[in-house]
Amino acid sequence: MSLVQQRLKFQKSLASWYAQSQRPLPWRTQPSLYRTVVSELMAQQTQITTMLPYFERWMRRFPDFTCLADAPVDEVLKLWEGLGYYSRARNLHKLARTWVAADPKPRTREQWQTMPGIGPYTSAAIVSIAFNEPVAVVDGNVVRILARLTHDTRSFKSNGEAVKAFTPLANELIYPKNSGDHNQAMMELGATVCTKHQPQCGICPVARLCAGRHHPDLAQIPKIQRKATERVEIDRAWVVRKGAVLLHQIPASAGQLAGQYELPKLDALAPVKPTAKPILSKSRSITHRRIKENIFRIEAPKRTPHEHKWVALDELESITLSGPHRRWTRVLLQEISGARFLGDPCAPQDESDWPESLR
DNA sequence: AACACGGGGAC
DNA sequence: GTCCCAGTGTT
C-alpha cells in the first residue's frame, strides 16, 4: 500500500496529533491574514524560537498592514535588525504598501506570488492558511518528512531539486478541507518530531505509515549534496585621524558593490601585520563561503593610497558603506565619535550590543 | 542552475 | 568546527 493510497489515514492521524500537540504560536492562537504574512516572512530560513521575540515586538509596533505601510522604511529595518536577510523586511514593507493600495485585495496564489518577497513556498502558506486553498507547502521540513515516509534514499543535487521532487507527493497528501492546518501540521511534525537529528519515531503520529521507520539510515535521509564550505580570512585596517576614518572606495568597474565604501584591506596600508590582536573579528557566511574578517587598529600611513579616502564623521551619513561591513563599521565609528547613528537601523543603539573589545 | 543574502541554534 | 533553519531574488 502506497502512502497516497493511505492518505486518509495519514491526514487523520496528522490532524489529530496537530490539534493536540501544536505549540501555541502567536499567529495560531490569534490568527489573521496580516499575522500569517508577517510570520511566514520572518520564518524564512529562520528557526521559530529565533524569530518569536521579533514577531511579538513587531506586532506591538506594526499591528496591521496600514500601520506598517505608514511607517518609514528605516524604522521597519530597525525592528528587523538582528534577524538577517534584510531584504525580507524591505519586501514586507513594500508588500504592505501594495496591499493597502490594492483593490480588490490579492487572494489567489498567483496574485500573492507577484508580491515582493513572496515565492512558491510563502504563497502556498498564505493562501492555504488564510483562504483554505488546497496547495501544499514544501519546505525543508516537508522534504524531510516525505523522504523518510517513502524511504527515499536518492541523493539530491540541491535543496531546490529535493523540493521539486517532493512537491507532487505533498499535493497528493494535502487535506483539502483544512489545508492550512494540514500544512502547518506537516511543518510542526518536521520541527518537533521528524527532526534531522534523533527523530522521535516513538511519538510520531504517522510512524505506522512510514517506510523508513525501521531503517538504521533514517537520520541520514534526505541526502542533499552541499558544496564544501570554502574558508576565507580577510584582514582590514582601522585608521583614524582627526575625526576622520580611512575608507576604501570600491571601483566603479567592480560588479557588485561599485562605488560603495568599505574598511581598507590591511595589506594595502601596512607592509607587516600588527602584533597586537585585532580589535574586532567577525565571521559571516555567503552561500558556501565562510569569511572571517579581522580588523586591526593601525597608525595613519604617510600617503593616502589610490582609491582610498579620508571620510569625516559628518560625511558618513551621506556615503554608502558596503553591506557586509556596514554594521561593524558603524559600531567602530560610533566608538570614536560618540555619535549615535540613529538613522542607521544596523547600528546598535545600546552599549550592551557592542562587541566585548569596544566596551 | 548557481549564487547572494544573516545570524543563531543544535550537535 | 559543522549543518541547517516555515526561501526569494537576481544573474
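A polar contact is a pair of N or O atoms within 3.5 Å. The views below show a predicted model.

**View 1. Polar contacts at DNA strand B.** A polar side-chain atom of Lys 227 lies 3.2 Å from a phosphate oxygen of DNA strand B. The side chain of Arg 289 also places an N or O atom 3.1 Å from a phosphate oxygen of this strand. At Thr 46, by contrast, the partner is a base nitrogen of DNA strand B, 3.1 Å from a side-chain N or O atom.

**View 2. The protein surface around DNA strand B.** Seventeen residues surround DNA strand B, and those that come nearest are Thr 46, Tyr 85, Tyr 86, Thr 287 and Arg 289. Of the strand atoms that come within 4 Å of the protein, 61% belong to sugar and phosphate. The residues near DNA strand B comprise four nonpolar, eight polar and five charged ones.

**View 3. The protein surface around DNA strand C.** Here 27 residues surround the strand, with Glu 40, Gly 117, Asp 139, Arg 226 and Arg 231 coming nearest. Sugar and phosphate make up 68% of the atoms of DNA strand C that come within 4 Å of the protein. Helices α2, α3, α9 (120–131) and α10 (140–149) each contribute at least two residues to the surface near DNA strand C. By class, this surface has eleven nonpolar, eight polar and eight charged residues.

**View 4. Polar contacts at DNA strand C.** A side-chain N or O atom of Arg 28 is 3.2 Å from a base nitrogen of DNA strand C. The side chain of Lys 196 has an N or O atom 3.2 Å from a phosphate oxygen of the strand. Ile 118 uses a backbone N or O atom instead, which lies 3.5 Å from a phosphate oxygen of DNA strand C.

**View 5. The salt bridge between Arg 28 and Glu 188.** The structure holds nine salt bridges. One of them joins the side chains of Arg 28 and Glu 188, with an N to O distance of 2.9 Å. This pair links distant parts of the chain, Arg 28 in helix α2 and Glu 188 in helix α12 (residues 179–192), 160 residues apart. Both Arg 28 and Glu 188 are buried.

**View 6. Salt bridges of Glu 81 and of Lys 164.** The side chains of Glu 81 and Lys 78 meet at 3.0 Å, N to O, in a salt bridge. Glu 81 counts as buried because its relative accessibility is 11%, whereas Lys 78, at 27%, counts as partly exposed. In the salt bridge of Lys 164 with Glu 161, the closest N and O atoms are 3.9 Å apart. Both residues lie in helix α11 (residues 159–173), three residues apart, about one turn of the helix. Lys 164 is exposed, with a relative accessible area of 58%, and Glu 161 is partly exposed at 38% relative accessibility. Elsewhere, salt bridges that share partners join Arg 23, Arg 28 and Glu 188 into one network.

**View 7. Helix α4 and its packing.** Helix α4 (residues 48–61) has 14 residues and should span 20 Å at 1.5 Å a residue, in agreement with the 20 Å between its end C-alpha atoms. Its buried residues are Met 51, Tyr 54, Phe 55, Trp 58 and Met 59. These pack against α2 (26–29), α3 (33–43), α5 (65–70), α6 (73–80) and α7 (87–101).

**View 8. Surroundings of Val 73.** Val 73 is placed in helix α6 and counts as partly exposed at 35% relative accessibility. Beyond residues up to four places away in sequence, Val 73 touches Arg 90 and His 93. The C-alpha atoms of Val 73 and Lys 94 are separated by 9.0 Å, although the two residues are 21 residues apart along the chain.

Key: Residues are numbered from 1 along each chain as its sequence is written. Chains are lettered from A and ligands numbered from 1 in the order in which they are written. This is a predicted model: local features need pLDDT of at least 70, side-chain atom pairs count only at pLDDT 80 or more; totals for chains, interfaces and linings use all residues. Side-chain values use heavy atoms; hydrogens and water are left out. A residue is near a molecule or strand if one of its heavy atoms lies within 4 Å of it. A polar contact is a pair of N or O atoms within 3.5 Å; within protein, one must be able to donate a hydrogen and the other to accept it, and residues adjacent in sequence count only if both atoms are side-chain atoms. Ala, Val, Leu, Ile, Met, Phe, Trp, Tyr, Cys and Pro count as nonpolar, Asp, Glu, Lys and Arg as charged, and the others, Gly among them, as polar. Helices (H or I, at least four residues) and strands (E, at least two) are DSSP runs, numbered from the N terminus. The expected span of a helix is 1.5 Å times one less than its number of residues. Buried means under 20% relative accessible area, exposed over 50%, partly exposed in between (1.4 Å probe, protein chains only). Contact means heavy atoms within 4.5 Å. A salt bridge is a side-chain nitrogen of Lys or Arg within 4 Å of a carboxyl oxygen of Asp or Glu.
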